[in-house]
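Work through three short exercises on the model shown here. Try each task before reading its solution.

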Amino acid sequence: MDHSFRIRKGLYLLFLLSLSGVVCVSIGYSLPEEKKSGSLVANVLKDLKLGPGELSARRAQLVSKSNKQYFQLDTRSGNLLVNEKIDREALCGKMEPCLLLSEIVLQNPLKIYNMEVEIEDVNDNTPAFSQNEFILEISEHVPTNIRFPLESAQDADLGENGIQNYTLSPNGNFRLDVQSDELGTKYVDLVLEKSLDREKEAQFGLTLTAVDGGVPQRTGTVQININVLDINDNFPQFTQPEYKAKLKENSPRGTLVSKVEARDLDFGSNAQISYSFHRVPDQIHHLFNLNQSTGEITVLGPIDYEEETSYDMNIKATDGGGLSGVCKVLVLVEDENDNVPEVVVISHTSALPEDSPLEVIVVLFSVTDRDSGDNGRTSCSIEPGLPFGLKPSVNDYYQLMTQQPLDRERASEYNITITATDWGSPRLTSTRIMNIQISDINDNAPVFEESLYHMQLQENNIPGLLIGLVEAKDLDTRQNGKVTYSLLPGKVSDQPVSSYVSINSETGNLYAIRSVDYEQVKDFQVTVRAVDSGSPPLSSEVMVRVVVMDENDNAPFILYPLQNGTSPSNDLVPRGAEVGYLVTKVVAVDRDSGQNSWLSYELLKATEPGLFSVETHNGEVRTARVVTNQDAFKQRLLIVVKDNGKVPQSSTSSLNVLLVDGFSDSHMQIVDLPPEEEQNDSLTLYLIISLCFISFLFLFSVLTAIVIWIHKRRNCQKESHVSSGNFYCDADFVPNSSGPNGAGTLKHPNYYEVFLSAGYGTNEFKVLSPLLPSLAVDLKAPTASSNDSQVRESQNV
């Protein structure tokens, strides 16, 4: 049965080889047993047709098919060495040949070499009998040439090293007859050559010697004591010459295997039969128990199908007269599914780069099951949903390979459970967990938390002030995930961006290098680059917009009337003007923004309180009551302009208002004006002290304005139409004025120009527009009423 099973297994292996692309080659060696550890068996390079170093390059592995690793392979030299001392008798018993099966597995590409090492027997065991003394009881009337079977000696060695002959000590009544069965086992019978006479000699003491054929020769002896009895002429006879029984492996102790029965036609003590094992190996005595009285054979020791598939034993029945008979018992062991599949790892890649291509071998392993038939057939699987797959190969080898792209940022490691299941009933399963680490590559660029950063910076800041933080995350690890920050080149008001801000390369903190003035720079943008430390490095960029927050650090600037040290302008108001008559408008701007640039106007001081009022929001100066003749001819007004900052700042403006009866020449003669009454306050004193300086500036401004006007007039005459000797020209006309959203408050612009014609005196004057171009600003003023406009445009006398 064992032989036919091996044939079927070999045919199945050949069938797998024909279907697989993996080539399997068999090589064989022989080795005497009892060799010391480290002894050389052979060099496999020549048989494998490989060059030096190729075993290491192809990651050669020696896989043993037995429970122990008896050999080791030196991949550098190719030497096959003994790993531990081998005892052929303990390994194979009587099995011949004694083979140790191994496989040499090469990778890249995968190739498997089947290796058989035959363990040769040496004469290291002495023949031994199961007992130290044999006792025979023979009737004196037994005829000559009667055979008395003797227990054979046991020698664990095989072939020439086994038992070759038996010898008997010299005597005059008995001789030995040595025979061999079909397996070559020697059996010995004691033959009576001369009749016994109990009265002459009642006992015989003989020595039986077993001799093997080894070198040196070994022998074993046993003492045979023969007692001569009275006549017993019937031999015990078994009911069957051969008994067959089936026994399941792992049967518990005491399980009945079979029962033999022998009968004897004699009476009395000559008919009393006892049973015993006859010519059986020591293993039978350890595994089975024979009841001497009943002939029942029961289980004594562990029965393992993987160790032995059948047992042969001889049972001897002996009657009370010393006669005996022998039968044969064959016990067939039935396999049970008592061995779980075993996963044996040949090679394992513990760290796998995440950019590994598909079909890369991660783990190479084999699955073995010591059972036979369907109990020994196995299947293997892993849990679904993984980027790995199993690829079966020959001889129950499997390759765990990559089947999908790997991404360390999604899964940094995998614990893969390999499940091996046999086909027995019930099915047995074993598992093995393989840990695979996914090593990082630099495949992720740093990513900023925001697509656009907005930061604020208070103007007049302290240099070195922290503006804000930019932060980028990199999903890679170690050096690949270490991010450094830098600023890209750029301009802020024609200055390098690096002169305004700096960045901490490790933390991403942005710092202001210099103090920033809102009136010069209201906002600016910088570009920050984040670079990782991988190879090659990856980077990303983000825009940071820094808004400068205004601070109330500018006082209102009065555009009209001019406060440049010249004589203040005179505004004319006819007597009898109604309430709300527009006298003039104070125009001011504030370089700050927002709430800090909201302006309010207030009449701080007047010659006659209650005569004039100032609009809080637009700075228009109007009459608060009807102008009468009793009012002084010249009115001086002091107006303060304030902004709306937390700590408000202010500026003052001085106005001169002339009350006239009409717009005739007599009222326009400034030289004939009576002197203004002295004011008994500090403002009057201040104006008197600075009168000389203002007069000088005023004269200088008038002369400069005349020169500029003459030049513009000549240019304008070339392009404009001249009629009746009168013309109007304003080459610097600016149609802009600040409205409520700007610095000024006039609804419509009021412009004043010189009109000259023949017949007018030199003492005629006008109210001039701003003379210095540097003081002109973009203003949007509200438009005065149509009546006021007509009065202002007819101020030429």
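The exercises below cover a disulfide, a buried acidic residue and a surface patch in this predicted model.

**Exercise 1. Cysteines**

Task: Find which cysteines the disulfide joins, and assign its handedness.

Solution:
- Step 1. Apply the cut-off: two cysteine sulfur atoms within 2.5 Å.
- Step 2. Count the hits. The count comes to 1 disulfide.
- Step 3. Name the pair. Cys92 is joined to Cys98, with an S to S distance of 1.8 Å.
- Step 4. Read the torsion about the S-S bond. For Cys92 and Cys98 the value is about 65°, so the disulfide is right-handed.
- Step 5. Check burial. Cys92 has 15% relative accessibility, so Cys92 counts as buried. Cys98 is at 2% and therefore counts as buried.
- Step 6. Apply the burial check to two further cysteines. Cys327 is buried at 2% relative accessibility. Cys380 is buried, with a relative accessible area of 17%.

**Exercise 2. Asp264**

Task: Locate Asp264 and look for a charge partner.

Solution:
- Step 1. Place the residue. Asp264 sits in the loop between strand 18 (262-263) and strand 19 (274-278).
- Step 2. Search for opposite charge. The nearest such side chain is Arg263, 11 Å away.
- Step 3. Compare with the 4 Å salt-bridge cut-off. Asp264 has no salt bridge, yet is buried.
- Step 4. List contacts, leaving out residues up to four places away in sequence. Among them are Asn234, Phe235, Pro236 and Asp319.

**Exercise 3. A nonpolar patch**

Task: Identify the residues that make the nonpolar surface patch of about 270 Å².

Solution:
- Step 1. Name the members: Leu703, Ile706 and Ile710.
- Step 2. Place Leu703. Leu703 belongs to helix 9 (residues 691-719).
- Step 3. Test exposure. Leu703 has 57% relative accessibility, so Leu703 counts as exposed.

Conventions: Residues are numbered from 1 along each chain as its sequence is written. This is a predicted model: local features need pLDDT of at least 70, side-chain atom pairs count only at pLDDT 80 or more; totals for chains, interfaces and linings use all residues. Side-chain values use heavy atoms; hydrogens and water are left out. Patches are made of residues with over 30% relative accessible area and no salt bridge: like charges are joined within 9 Å, nonpolar side chains (Val, Leu, Ile, Met, Phe, Trp, Tyr) within 5 Å. Accessible areas come from the Shrake-Rupley method with a 1.4 Å probe; for residues, only the protein chains shown count as cover. Helices (H or I, at least four residues) and strands (E, at least two) are DSSP runs, numbered from the N terminus. Buried means under 20% relative accessible area, exposed over 50%, partly exposed in between (1.4 Å probe, protein chains only). Lys and Arg count as positive and Asp and Glu as negative; His and the chain ends are not counted. Contact means heavy atoms within 4.5 Å.
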